[in-house]
Amino acid sequence: MKKKVLITGVSGFLGSWLYLSIKDKFKVYGIDNFSTGNHVLFNSLNISKRNFFYADIRDNKKCENIFKKIKPDYVIHLAAQPFVSKGVEDPSETYSQNIIGTLNMLNLSSKYTSGVFLNFTTDKVYYNLNSKKPFKENDVIIGTDPYSNSKSCADNIGQIYRDFKGLKVTTFRAGNIIGGGDWGINRLIPDYYKSILKKKKLLIRQPNSTRPWQHVIFITKSINKFLTHYNRKFITDFNIGPLSKNFYTVRKIIKYLEKNSFEKPMIKYVDNNIFNEKKHLSLNSNKFYKIFRMKPNSNIERDILFTDKVYKSIIKKDKNLIKIMIKQLEEY
Ligand SMILES: NC(=O)c1ccc[n+]([C@@H]2O[C@H](COP(=O)([O-])OP(=O)(O)OC[C@H]3O[C@@H](n4cnc5c(N)ncnc54)[C@H](O)[C@@H]3O)[C@@H](O)[C@H]2O)c1
């Protein structure tokens, strides 16, 4: 019998790619309240009404009924307020979604599941003093803006539930994820394609900032491996990011986009840091590579080309979006 996987935040960018990549191997259910982004990928997936639950992860009563009904084998917790800029504008909503929401999912998992819980946090959970040294899993966790800090709390709470409630919590602290179909707020690649769509000038903040960019399919493959080869060694915290040669600056990503995208927006570089973003962020993911026995198959030019194909299909409203995504999942 197929194992049951519950994805929170299933209609988001990562959730939609993940659903598509595991739906044939597992019985996949999802929870979402459509609170962020544009759900064009999700809408194209045609997920059955029996497998999707419209709910806020903070709504304890509604979520308890869902967990009781499904009794999932695995919970993949992606739902979050995931934007740095929105965190600055509305810290209390950000803390509430990311902390109360995570707490609720952990509580329900300890009551109604086998206890396997993948807590998806971020590389921004670390106390970042702009040193170029890559973060390791035991470094101090205190994010320095509301989004990052709320994810640090969610990360810590997951560890507490592992230590004191016996939940089998795995943490994935992921670097920046790129790929087609993300319409997030104040994120580089979504902003690039929004500028094409709206024929507006693209303003680039912080062109010299470095980030650990990785393609969304590396993440879906990692979660696939987590589900198919689950074992006790996974019950710990992992950084998950590219090899260090793929820590590119924003300027370099823009250069690759301009070279490969189906259209180019007008670009203006502006020198501001209104969201107080860190200049350097790098991750040491050796623990993940070793225990999961996998390494990212990164090739930034191919990753940008893949990304562009999906955005082009969405913007041109062609009917082959899902076929293109499936082909990319096979070819990556
Ligand atoms: N995209 C990245 O570069 C990146 C990098 C590191 C970590 N992450 C993490 O990955 C996860 C997914 O991010 P994403 O990029 O797919 O963002 P996204 O906004 O596309 O997806 C998040 C989804 O969660 C849902 N959601 C938010 N609050 C909810 C609530 N209270 N109840 C139910 N559903 C709710 C949203 O509607 C959305 O569909 C987040 O936890 C984020 O912090 C993302």
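How many of the six residues of strand β2 are buried? Start there. This is a predicted model, so keep that in mind as you click through.

**Stop 1: strand β2**

Select residues 27-32. Five of the six are buried, so β2 is largely enclosed by the rest of the structure. Now add residues 4-8, strand β1. The two strands pair in the parallel sense, over five bridges. For one facing position, pick V5: V28 of β2 stands opposite.

**Stop 2: the ligand**

Select the ligand and show its surroundings. The shell holds 30 residues. D32, T36, Q97, Y147 and K151 are the closest. Colour the shell by class: 14 residues are nonpolar, twelve are polar and four are charged.

Next, look for the polar atoms around the ligand. A polar backbone atom of S35 sits 2.9 Å from a ligand oxygen. L78 also uses a polar backbone atom, 2.8 Å from an oxygen of the ligand. With R187, switch on the side chain: one of its polar atoms is 3.0 Å from a ligand oxygen. Then turn on the surface. On its own the ligand has 830 Å² of accessible area, and the protein covers 97% of that.

Which elements each supply at least two residues of the shell? Highlight α1 (13-22), β5 (116-122) and α6 (146-165). Strand β5 gives the most, with three residues.

**Stop 3: N119 in β5**

Stay on β5 and select N119, which is found in this strand. Is N119 buried or exposed? Its relative accessibility is 1%; under 20% counts as buried, so N119 is buried. Show its contacts beyond four places in sequence. H77 and T102 are among them. So are A154, D155 and G158. The run V169, T170, T171 and F172 completes the list. For a distance check, pick the C-alpha atoms of N119 and H229: they are 17 Å apart, with these positions 110 residues apart along the chain.

**Stop 4: L106 in α5**

Move to helix α5, residues 91-112, and select L106. L106 has a relative accessible area of 0%, so this residue is buried. Which residues does L106 contact, leaving aside neighbours within four places in sequence? Display F117, I157, G158, Y161, L167 and V169. G158 and V169 should look familiar: N119 touches both, and L106 is in contact with both. Finish with V75. Its C-alpha atom is 9.2 Å from that of L106, although the two are 31 residues apart along the chain.

Definitions and conventions:
Residues numbered from 1 in each chain as written. Predicted model: local features only at pLDDT ≥ 70, side-chain atom pairs only at ≥ 80, totals over all residues. Heavy atoms only, no water. Near = heavy atom within 4 Å. Polar contact = N/O pair within 3.5 Å; in protein donor to acceptor, adjacent residues only side chain to side chain. Areas by Shrake-Rupley, 256 points an atom, 1.4 Å probe, with all protein chains shown as cover. Helix = DSSP H or I, 4+ residues; strand = E, 2+ residues; numbered from the N terminus. Nonpolar A, V, L, I, M, F, W, Y, C, P; charged D, E, K, R; others polar. Buried < 20%, exposed > 50% of the residue type's maximum accessible area, 1.4 Å probe, protein only. Contact = heavy atoms within 4.5 Å. Pairing = 2+ DSSP bridges.
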